[in-house]
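Subject: Structure for your review

Dear colleague,

Please find below the structure that I am handing over to you, together with its sequence. My findings are set out after it.

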Amino acid sequence: MRKQDRKHIISARFKTEAAKVERTTHYEPLAALELVKSTSSTKFDSTVDVAINLGVDPRQGDQMVRGTTELPYGTGKSQKVAVFAKGANAEAATAAGADEVGAEELIAKIQNGWRDFDVLVATPDMMPAVGKLGRLLAARMPNPKSGTVTTDVAKVVNAIKKATRVAYRVDKGGIVHAPIGKASFPVEHLQENMKVLISTLVKAKPSSSKGRYIQKITVSSSMGPGISVDVATAQRTVDK
């Protein structure tokens, strides 16, 4: 099949699913997630993502919103974890299911081009040596704010491997993108995951942020149309 034909098929499928969504409607959370599930028509189990526009200016250092949270029903996506650790910490990381564990030899392996990992975790004592990878890894570096520099490597690795741990970071447009599960999940599980994420972001609100903080919420599945969520209703759900 020609590339042009594939694009046509994808476009036709998307238009069919997008036609189910009222573009001017702000759906209540449960209805929005039900619509996400019904507009997910890919042959694979689509990831359900949420995009939340925040009333922050990421150019200001004190308005950078970044961290991690634990979703009660997980994301449904397993990730490969590499851990920089020595001794008992290395043993704990291995026992917790880390895909790769090492110290100086792991640093050298990455310097030589190895990138078969999704998340990097490090113990604090390893960070001076790991720091030399900064230019190579950039945003993928272990970071205390994202919870990937820790003395409890077993807990962090366990959460990542069980796919309950989600890292979030506001982009330059003031938007946080995060997965909240799979299209195959029960809608109640997706709703609870989204509720926890929104609650986490509300708690992370910078004191210097003025005006309306949660400005817009959009949910979608992989290759599916965006669906607008009623912000006031979503926030009331979080406050209960």
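The notes that follow cover the overall chain, the largest pocket, the largest cavity, one helix and two alanines.

Please bear in mind that this is a predicted model. The average pLDDT of the protein chain is 91, and 95% of the residues score at least 70. Residues 1-9 have a pLDDT below 50, and this stretch makes two contacts in the model beyond near neighbours in sequence. Where pLDDT is low, the predicted coordinates should not be read in detail.

Overall chain

The protein chain has 240 residues, of which 45% are buried. Its secondary structure consists of nine helices and nine strands. Along the principal axes, the C-alpha atoms occupy a box of roughly 55 × 55 × 30 Å. Of the contacts between residues at least 6 apart in sequence, 70% link residues at least 24 apart.

Largest pocket

The largest pocket holds about 700 Å³ of space. Its lining comprises 25 residues, and those nearest the centre of the pocket are Gln79, Asp118, Val119, Ala167 and Tyr168. Which elements supply at least two residues each to this lining? They are the strands E1, E2 (66-70), E5 (119-122), E6 and E7. Strand E6 (165-169) gives the most, with five residues. By class, the lining of the pocket has 10 nonpolar, eight polar and seven charged residues.

Largest cavity

The structure contains one cavity of 30 Å³ or more. The volume of the largest cavity is about 50 Å³. The residues that line the largest cavity are Pro29, Gln191, Met194, Lys195, Ile198, Ala234, Thr237 and Val238. Helices H8 (187-203) and H9 (231-239) each provide at least two residues of this lining, and H8 gives the most, with four residues. Five of the lining residues are nonpolar, two are polar and one is charged.

Helix H2

Pro29, which lines the largest cavity, is also one of the buried residues of helix H2 (residues 29-38). The others are Ala32, Leu33, Leu35 and Val36. These buried residues lie on the same side of H2 because they cover an arc of only 155° around the axis. What covers them includes the strands E1 (47-54), E7 (175-182), E8 (214-221) and E9 (227-229), as well as the helices H8 and H9. Helices H8 and H9 thus appear both in the cover over the buried residues of H2 and in the lining of the largest cavity.

Two alanines with positive phi

Two further residues deserve a separate note. Alanine 138 has a positive phi of about 50°, although it is not a glycine. This residue sits in the loop between helix H6 (134-137) and helix H7 (153-161). Alanine 163 likewise has a positive phi, of about 65°, and is not a glycine. The place of alanine 163 is in the loop between H7 and strand E6. Is each of these alanines buried or exposed? Alanine 138 has a relative accessible area of 52%, above the 50% cut-off, and therefore counts as exposed. Alanine 163 has a relative accessible area of 7%, under the 20% cut-off, and therefore counts as buried.

Yours sincerely

Notes:
Residues numbered from 1 in each chain as written. Predicted model: local features only at pLDDT ≥ 70, side-chain atom pairs only at ≥ 80, totals over all residues. Heavy atoms only, no water. 1 Å grid on protein atoms, 1.4 Å probe; cavity = no way out; pocket = protein on both sides within 12 Å on 5 of 7 lines; lining within 4 Å. Points joined across faces, edges and corners; volume = space filled by probe spheres on them. Nonpolar A, V, L, I, M, F, W, Y, C, P; charged D, E, K, R; others polar. pLDDT = per-residue confidence, 0-100. Contact = heavy atoms within 4.5 Å. Buried < 20%, exposed > 50% of the residue type's maximum accessible area, 1.4 Å probe, protein only. Arc of directions from axis to C-beta.
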